[in-house]
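Q: I am new to this structure and would like a close look at one part of it. Could you walk me through the place where the chains meet, and the charged pairs there?

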Amino acid sequence: MPLTRSIFSRLARNAILVAVVAVLLLGGVTWATLEQAMRRSLEENTATDVAGLVDIYASGGRAELLARLADRYEVEELDGRKTHYLLAESGKSLAGDIASWPSLNPATSQRGFITLPGGAAVYARTARLDENLDLLVAREYSADRAAQWRVIAVFLVAGLLVVLVVWWIARATSGSLARRVAHINALFRDPGESQLEGLQQLPAEPDEIDELAANSAGTLARQARLLRMHKHMSDNVAHEIRTPLMHLDQKLVKALAANPEPDGTGPLSQARKDIRGVAGLLDSLLDIASNEARRGDRAGLELINLSELLEQLAELYEGSFEDAGLGFQTQISPGITFEAEPMQLSRLLSNLLDNAIKYVPKGGTVTLELAPGPRIHVRDDGPGVPAEKRESIFDRFVRADKSDASGHGLGLALARAIAERHGLRLVLAESATGAHFMVEPM
Amino acid sequence: MQQAGEQPTLMAKPATDGLEILYVEDDADAARAVVELAATHGDRVSWEATGEAGLRRAGMQSFDVIILDRMLPDMEGLQIVERLRAAGLDVPVLMLSALARSENRIEGLDAGVDDYLGKPYEPEELVARVRALHRRASGQAQGAVILFGAFECHVKARTAFRSGKHIPLSPKEFELFRYFMENAGETVTREMLLRDVWKMNFDPQTNVVDVNIGRLRRKLEDGFDKPALETIWGAGYRLTRGE
């Protein structure tokens, strides 16, 4: 359903990502710290051991050293690290449980992590006791490693739990935020009076979204109130002017009954026609105002088949074009739908077609075209409109031809207001010959 | 009052003489004009000046058509329609109002009004609309062939005849002819034609409807002496018997 990418689901996704990265990073740091501690402890251990044996050799000589080395195998290691020794002379083993000398140089007291011929992973330290007499002390660290893995495992489980909690909180929060914002969006799309009332009341401890909702609802309510007032005012104006016009008209009807004017061109008939004219003028002005006021308001719009509406209009006008000695061509793409007030759109287009009939001289051609968009073109090959007047013909009470007294000069102003009420713009496009009216999305 | 329903289906002209009309209007002059107008056509109008009184009257007596004003002192005319409909009364309602812009008409139709006419109005147009409303409401079924005077309209085959002679018509012209046959002998207004034949609810600034009627008229009258369609000044057109 969502037409937009939700900012909240992105926030939730980012929160989870940050939690995962943080857990992994902390896990890595912990591992490195434990590793370092283990190395330091192994180094100290072996260093102490080697130092002790060097002392023994220095004070007791080779025999004493061999005896002590033999004793070492009897001792149970307290830290659970198994120790291995090797005492070699010119590379030949004198004592110890290591089969052969590994790749560590005793001359430089080299130390490091190695694997013994038996396969045990150890930390070893070498020392040269005498010319050709070398000592190697190695300690296994598998127990340390196991402990390290245990810590990491605990850490990962805890981390996973944290990520899950973050995921759950993020999902719940973003879901609730998204719902609240969707609610505000729905209000803008279709403002309902009762909902507007409710949202304007702030809860006891409002947050930013409550405030946004209240402000939006307030604005929408104010807009609805203005539209209502505008409508009320228009209706009152219409009523107050049309009622006396009707009384006047009824008196004229009575007068006509007493003094018939069979051809309908006498002064009484003319007066009645003028009354119609004033009423029409009033309606056009109020309709322009109403369409301008409701620009962007979706209330009252319905999905219509625009192609069918244009076909109907074309059928209605065909005869009028022929009678006026004009060619009339249509090019209407089928199946184009649009959200509109059909009555108003018909007026817009009939105003354009009426104009063409009025201003295009005999022998001309008028084209009505509908393309997806929707884009509607009404083109003719008549005298057209000079470039400097292309905007002003949409002003109220402006006629293209000053000598023409018919109409009020409101037709195009109303057509434009209707277009804009529907999110469309009506312009007189550039054209080499004739006039080219174009209706297209804003 | 309901003779119309008993007519055979081939009979196109329903009896609408002597309609009982309720008119709710607070403007006495306006009401008087309608009462007098109805009287000249043999209809009787009961006039009420407030919405409440109108609703009461509508509940007590049966009417063929109700005409309502919108801006009444005690309520909006639309409310009356809503309350009538809510009470299960489906009497055809014509709104006769100074609020005559398309916006107002849509509100009326949405509220359940059957027809809408703006003030000031042509007296003959009001008569025609009221009669058409009553005809529609009494809903006599039309057969496959509608006969009126010299005219025949074969609805299924979409063909037209005058005195047995086939008249070639375009699809839209046939629709127009059929509409006249369905309302034979009655005045049909331009707005009714626009609404029912072209499915359009607006008032074009030029004589597009007359142009289309002119074309139909030429075809219906081609080769005959007597006129087929007569113009009713200030209201619209009427199909003659053509004999």
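How many salt bridges does a search of the whole structure find over all chains?

A: Happy to help. Please keep in mind that this is a predicted model. Searching the whole structure gives 56 salt bridges over all chains. Between chain B and chain A, the count is 9 salt bridges.

Let us begin with the interface as a whole. On one side, 37 residues of chain B take part, and they are in contact with 43 residues of chain A. The size of an interface is often given as the accessible area lost when the parts come together. For chain B and chain A, the buried area is about 3,500 Å², with carbon and sulfur atoms giving 57% of it. Within chain B, the residues that lose the most area to chain A are Arg101(B), Pro120(B) and Phe202(B), which together make up 20% of what that side buries.

Polar contacts cross here too: the rule finds 15 residue pairs in polar contact between chain B and chain A, both residues being at pLDDT 80 or more. On the side of chain B that touches chain A, the elements giving two or more residues are helix H1 (28–40), helix H4 (102–111) and helix H8 (208–221) of chain B. H4(B) gives the most, with 5 residues. By residue type, that side of chain B divides into 19 nonpolar, 7 polar and 11 charged.

Now for the charged pairs themselves. Side chains of opposite charge can pair when their charged atoms come close. A good place to start is Arg101(B), already met as one of the residues losing the most area to chain A. Asp287(A) and Arg101(B) form a salt bridge, with their closest N and O atoms 2.9 Å apart. This pair crosses between chains: Asp287(A) sits in helix H5 (residues 267–293) of chain A, while Arg101(B) is in the loop between strand E4 (93–97) and H4 of chain B. Asp287(A) and Arg101(B) are both buried.

Arg101(B) also has a partner in its own chain. The side chains of Arg101(B) and Glu103(B) meet in a salt bridge at 3.2 Å, N to O, and both of these residues are buried. These pairs belong to a wider picture, since a network of salt bridges links Lys231(A), Asp235(A), Asp287(A), Arg347(A), Arg70(B), Glu76(B), Arg101(B), Glu103(B) and Glu107(B).

Elsewhere between the chains, Arg276(A) and Glu122(B) form a salt bridge through their side chains, at 3.1 Å from N to O. Another residue to look at is Arg215(B), which lies in helix H8 of chain B. The side chain of Arg215(B) makes a polar contact with the side chain of Glu322(A), at 3.4 Å. Setting aside residues up to four places away in sequence, Arg215(B) touches Gly319(A), Glu322(A), Asp323(A) and Glu173(B). Arg215(B) counts as buried because its relative accessible area is 17%, under the 20% limit.

It also helps to see how chain B is put together. The domain assignment divides chain B into domain 1 (9–140) and domain 2 (144–239). Taken over C-alpha atoms, the centres of domain 1 of chain B and domain 2 of chain B are separated by 26 Å. Their contact takes 19 residues from domain 1 of chain B and 17 residues from domain 2 of chain B. The area buried between these two domains of chain B is about 1,400 Å², and carbon and sulfur atoms give 49% of that.

Charged pairs appear between the domains as well: the rule finds 4 salt bridges across the interface of domain 1 of chain B and domain 2 of chain B. In chain B, Arg135(B) and Glu186(B) form a salt bridge whose closest N and O atoms are 3.4 Å apart. There are also 6 residue pairs in polar contact between domain 1 of chain B and domain 2 of chain B, with both residues at pLDDT 80 or more. On the side of domain 1 of chain B that touches domain 2 of chain B, at least two residues each come from H4, strand E5 (115–118) and helix H5 (123–138) of chain B. H5(B) supplies the largest share, 8 residues. This side of domain 1 of chain B divides into 7 nonpolar, 1 polar and 11 charged residues.

Conventions. Residues numbered from 1 in each chain as written. Chains lettered and ligands numbered in written order. Predicted model: local features only at pLDDT ≥ 70, side-chain atom pairs only at ≥ 80, totals over all residues. Heavy atoms only, no water. Contact = heavy atoms within 4.5 Å. Buried area = accessible area lost by both parts, 1.4 Å probe. Polar contact = N/O pair within 3.5 Å; in protein donor to acceptor, adjacent residues only side chain to side chain. Helix = DSSP H or I, 4+ residues; strand = E, 2+ residues; numbered from the N terminus. Nonpolar A, V, L, I, M, F, W, Y, C, P; charged D, E, K, R; others polar. Domains from an automatic or database assignment. Buried < 20%, exposed > 50% of the residue type's maximum accessible area, 1.4 Å probe, protein only.
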